[in-house]
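Got your viewer open? Let's take a walk through this structure, one selection at a time.

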Amino acid sequence: MSRRTVTAAGAGLLLAGATGLGPTTGTALAADAAPSRGASRASRISRGTQLLHADLHNHTLLSDGDGDAAGAFSSMRRAGLDVAALTDHASLSDNVLGEVLAGILPQEYKAVAGITQADWQTTRAYADAADRPGAFTAIRGFEWSEPLLGHVNVWFTENYIDVLQAGVMQPLLDWLAREPGLVLDGGADGLAGFNHPGREPGRFQEFVYDERVRDRVVSLEMFNRTDDYLFSGYADGKSSPLCACLNAGWRTGISGVTDEHGTDWGFPEGKGRTGLWVRQHDRDGVRRAMSARRFFATRTSGLRVDAVAATPRGVRRRMGSTLPMTSGVVRFRLDLARDASWRGRPLHVQVLRPGTEVPEVAHVEEFRVGPVVEFPVRLDVADGDWVLLRVSDPSQPNATPGPEGHPCNDLAIAYTSPWWLEPASA
């Protein structure tokens, strides 16, 4: 991996971050909002929220990225993103060597061991300097990184945690559940998500479930860089990460990220990103949207996706919500738009349901981009408690296919977050 020459993160770098100067351009960041790209930000089927385009997973020289963290947020804002997070790796530094020794080792060490306390404070300074409520939301996070088990992003915490015990998820889950203010400050004020699920062989101990933090583990990356992880590992005899995660009991929304390690944060097309439906454009609004699983995954900049499901009794709920029902016909409404070039484009929307190895497809609706798409599907909680929509292009193949003939062997355009079926008595 190519690396840039490392310079000390001193006063000059902090000044660059505070003024919005990019790492090479030397031009100040404009004070207005990010440029408008793609579809309008208003849903045709829901009220009270606006769409924000987000990238919640990015790296810099503070861990194993190539780019100077001082320019990351300004790059993402210039690229048209509304929400951005820096999530450099937290692996071994503080626990193996201690803060002093870790802070003086060469950059090659940081690529393996990740951030230190000084890096954590530097990230906060850059995020606070770039944050503009109403125009651009900048978030500090970290990526808990166990090389065999998996990586987990954590956002909105005052502290971070390294890998305390190899091959075990429980220390991280305990930390997320711990109330702040104890000897080892916990992450009870934060949100977390499973990254590139299935890339590491341990798969989070097969998504070991912890009821205490179900409400805090909010996302599953279905798009990471240019990859679709729906069938990740299937060719090697493993189940779909989507089924493994949701069948274990987790209630994660579905996200897309660039997982950027280069120097052009936000600009490459075709990499994952997340659409957030927020009530207010600031950190609190973003946090609330993430907590509500009110988001979708895509690899298309400027795409708008919203989805609503109506139960047999007429209760309407947005993606990320519970559906109070046992069985019956659910009516889905899908709002999808991008720009004039997409009008009339033939696509499919697939209704994904729980399966043992791969998701079952309860229905495939063919449509052309334009009007709101509406269709009925019969659902029964006896077949599993979750359902979500996958939008695809039937003319192009999935680079990582599942079983022969599976409807999802085509190219994914977007995933909604799930709905969870809950009988009224529950």
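Below is a short tour that begins with the whole protein and then moves from one selection to the next.

**Stop 1: everything at once**

Before you click on anything, keep in mind that this is a predicted model. Show the whole protein as a cartoon and you have 426 residues in view, 58% of them buried. The secondary structure comes to 10 helices and 21 strands. Now think about contacts between residues at least 6 apart in sequence: 72% of these join residues at least 24 apart. If you switch on a surface, about 16,400 Å² is exposed, and carbon and sulfur atoms supply 52% of that.

**Stop 2: strand 5**

Select residues 150-155, which make up strand 5. Is this strand mostly covered or mostly open? Mostly covered: 6 of its 6 residues are buried. Turn on the side chains and look at which way they go. Gly150, Val152 and Val154 point one way, while His151, Asn153 and Trp155 point the other way, and all are buried.

Next, add the neighbours. Select residues 137-146 for strand 4, which pairs with strand 5 in the antiparallel sense over 6 bridges. The two strands form a hairpin, with 3 residues between them. To see one of the pairings, click serine 145, whose bridge partner in strand 5 is histidine 151.

Then bring in residues 191-194, strand 6, which also runs antiparallel to strand 5 and is joined to it by 4 bridges. Here, look for valine 154, which stands opposite alanine 192 of strand 6.

**Stop 3: the cores**

As background, nonpolar side chains tend to be buried together in soluble globular proteins. Which residues touch the most other members of the largest nonpolar core? Select Phe73, Phe142, Phe194, Leu242 and Tyr415: those are the ones, out of 59 residues in that core. Helix 9, residues 241-247, gives this core its largest share, 5 residues. There is also a second, separate core of 31 residues; pick out Val305, Met325, Leu347 and Val373, which are among its members.

**Stop 4: cysteines**

A disulfide is a covalent bond between the sulfur atoms of two cysteines. How many disulfides does a search of the whole structure find? The search comes back with 0. Try cysteine 243 as an example: the nearest cysteine sulfur belongs to cysteine 408 and is 9.8 Å away, and cysteine 243 is in no disulfide. Since a pair has to lie within 2.5 Å to count, that gap is well outside the cut-off.

While you are here, check the cover. Cysteine 243 counts as buried because its relative accessibility is 1%. Select cysteine 245 too: it is buried, with a relative accessible area of 0%.

**Stop 5: helix 8**

Finish at residues 203-207, helix 8, where you will find phenylalanine 204. What is notable about the phi of phenylalanine 204? It is near 55°, a positive value in a residue other than glycine. Phenylalanine 204 counts as buried because its relative accessibility is 1%.

Now click phenylalanine 207, which lies in helix 8 as well. Its phi is also positive, near 55°, again in a residue other than glycine. Phenylalanine 207 has 1% relative accessibility, so it counts as buried.

Notes: Residues are numbered from 1 along each chain as its sequence is written. This is a predicted model: local features need pLDDT of at least 70, side-chain atom pairs count only at pLDDT 80 or more; totals for chains, interfaces and linings use all residues. Side-chain values use heavy atoms; hydrogens and water are left out. A nonpolar core is a set of buried Ala, Val, Leu, Ile, Met, Phe, Trp, Tyr and Cys residues joined through side-chain atoms within 4.5 Å. Buried means under 20% relative accessible area, exposed over 50%, partly exposed in between (1.4 Å probe, protein chains only). Two strands pair if DSSP finds at least two bridges between them. Contact means heavy atoms within 4.5 Å. Accessible areas come from the Shrake-Rupley method with a 1.4 Å probe; for residues, only the protein chains shown count as cover.
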